[in-house]
Amino acid sequence: MAFLELHNVSKGYGPPSHRYEVLRDVNLTIEENEFVAVIGFSGSGKSTLVSLLAGLEQPDAGEVRMKGKVVTEPGPQRGIMFQNYSLLPWLSVYQNIEIAVKQVFPEMKKPQRREYIQQYIDMVTLTNSEWKLPAELSGGMRQRLSLARTLAMKPEVLILDEPLSALDALTRAVLQDEIIRIWEEDKRTVVMITNDVDEAALMADRIVPLTPGPSATLERAFPVTLDRPRDRTTLNFNPDFKKLRNAVSTFMMDLNEEAKSLRVETTYKLPDLEPADLSKIG
Ligand code: ADP
Ligand code: MG
């Protein structure tokens with residue numbers, strides 16, 4: 001049985017008269033402990049897909065299933081890390097994690113909880129920043145806090161919506177390694193949304209491209225067969241990595257060209273000109 005599954009899922013917004021169909025007939029099967037990267041252009045429906053997987057939104061048609069059960073609401077077994085941190089600004093680093101831990105493990109006693117939270121703070125190297133407020137943290141630190149909070153809830157599935165997109169290249173690389181390390185150490189299922197082919201190839205077991213919207217859908221998947229642990233410094237010289245990166249990039253660019261021409265046809269109609277009129281436009 002598939003661990004997490006999207007079955008013929010469609011989702012749109014707006015009233016029937018001018019409905020915007022974001023996703024159409026999306027199918028995806030994710031195995032337990034698999035690391036899947038969904039890659040797509042901005043506005044194609046990636047966050048919508050995340051909301052559906054998390055149970056924050058319901059599909060118009062089709063089903064999202066986890067371990068065979070239809071997902072109808074959010075639950076602690078599916079932990080999400082959003083694009084925009086979603087931290088509580090009036091709570092410190094420690095308290096932002098604590099509030100989540102209390103919710104998921106209400107029976108945990110205070111001394112044990114303190115140790116537990118500290119372990120996650122150390123894991124994302126926020127040690128000594130425990131009492132800072134989110135406003136006092138850099139973007140990278142906020143993202144790390146967000147990751148620590150999600151991990152501390154021990155979700156069976158980690159759903160990461162462009163977790164690293166707002167970061168500078170160096171911090172991004174550090175956090176990529178961190179996420180892989182945590183995933184390798186403490187196996188769990190990961191769905192990561194990204195717009196970066198290299199990031200997907202470095203981290204995932206499988207790369208699934210989302211076509212540009214409207215009516216976006218998941219295309220054929222690219223398996224990533226590179227050995228683990230993957231070393232980013234040598235990967236750039238690995239012929240299999242280069243081949244995969246080229247294949248995915250070319251595929252994405254072709255999709256984009258196709259989508260552009262479709263959009264021109266449907267939304268932008270050239271005026272009908274008589275041959276004589278051509279002189280008017282030089
Ligand atoms: P991505 O994460 O790939 O950038 P989103 O899933 O956020 O894309 O959005 C896909 C499309 O759906 C966009 O055109 C966006 O404007 C639209 N959309 C997303 N959420 C809503 C909503 N709650 N109401 C109306 N339209 C929405
Ligand atoms: Mg998004």
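This is a short tour of two sheets, one helix and a ligand in a predicted model.

**Stop 1: the six-stranded sheet**

Start by colouring the strands. One open sheet has 6 strands in the order β6-β7-β8-β3-β9-β10, and their pairing is mixed. Now find its borders: β6 (78–81) and β10 (222–223) are the edge strands, each pairing on one side only.

Next, select residues 35–39, which form β3, together with residues 189–194, which form β8. In which sense do β3 and β8 pair, parallel or antiparallel? They pair in the parallel sense, over 5 bridges. Show the side chains of valine 38 and isoleucine 193 too: valine 38 stands opposite isoleucine 193 of β8.

**Stop 2: the helix across the sheet**

Select residues 46–54, and you have helix α1. This helix lies across β3, β6, β7 (157–161) and β8. Line up your view with β7, and you will find α1 running at about 160° to that strand.

**Stop 3: the four-stranded sheet**

Keep α1 on display and turn to another open sheet. Here 4 strands follow the order β2-β1-β4-β5, with antiparallel pairing. β2 and β5 (69–70) are at the edges with a single partner strand each, so one side of each has no neighbour in the sheet.

Zoom in on β4 (residues 61–66), which pairs with β5 in the antiparallel sense over 2 bridges. Methionine 66 is a handy residue to click on here, as it stands opposite lysine 69 in β5. Helix α1 packs on this sheet as well: it touches β1 (4–13), β2 and β4, and its direction makes about 125° with that of β1.

**Stop 4: the ligand**

Finally, select ligand 1 and the residues that surround it. Among them are Tyr13, Tyr20, Val22, Phe41, Gly43, Lys46 and Thr48. By class, this shell has 4 nonpolar, 6 polar and 1 charged residues.

Which element gives the largest share of the shell? That is α1, with 3 residues.

Now look at some distances from oxygen atoms of ligand 1:

- Serine 44: a polar backbone atom is 3.2 Å from a ligand oxygen.
- Serine 47: a polar backbone atom is 2.9 Å from a ligand oxygen.
- Threonine 48: an N or O atom in the side chain is 2.6 Å from a ligand oxygen.

Try switching to a surface view to end the tour. Taken alone, ligand 1 exposes 560 Å², and the protein buries 58% of that. The elements giving two or more residues to the shell are β2 (20–30) and α1.

Conventions: Residues are numbered from 1 along each chain as its sequence is written. Chains are lettered from A and ligands numbered from 1 in the order in which they are written. This is a predicted model: local features need pLDDT of at least 70, side-chain atom pairs count only at pLDDT 80 or more; totals for chains, interfaces and linings use all residues. Side-chain values use heavy atoms; hydrogens and water are left out. Two strands pair if DSSP finds at least two bridges between them. Contact means heavy atoms within 4.5 Å. Axes are lines fitted to C-alpha atoms, for helices over the stretch in contact, and angles run from 0 to 180 degrees between N-to-C directions. A residue is near a molecule or strand if one of its heavy atoms lies within 4 Å of it. A polar contact is a pair of N or O atoms within 3.5 Å; within protein, one must be able to donate a hydrogen and the other to accept it, and residues adjacent in sequence count only if both atoms are side-chain atoms. Accessible areas come from the Shrake-Rupley method with a 1.4 Å probe; for residues, only the protein chains shown count as cover. Ala, Val, Leu, Ile, Met, Phe, Trp, Tyr, Cys and Pro count as nonpolar, Asp, Glu, Lys and Arg as charged, and the others, Gly among them, as polar.
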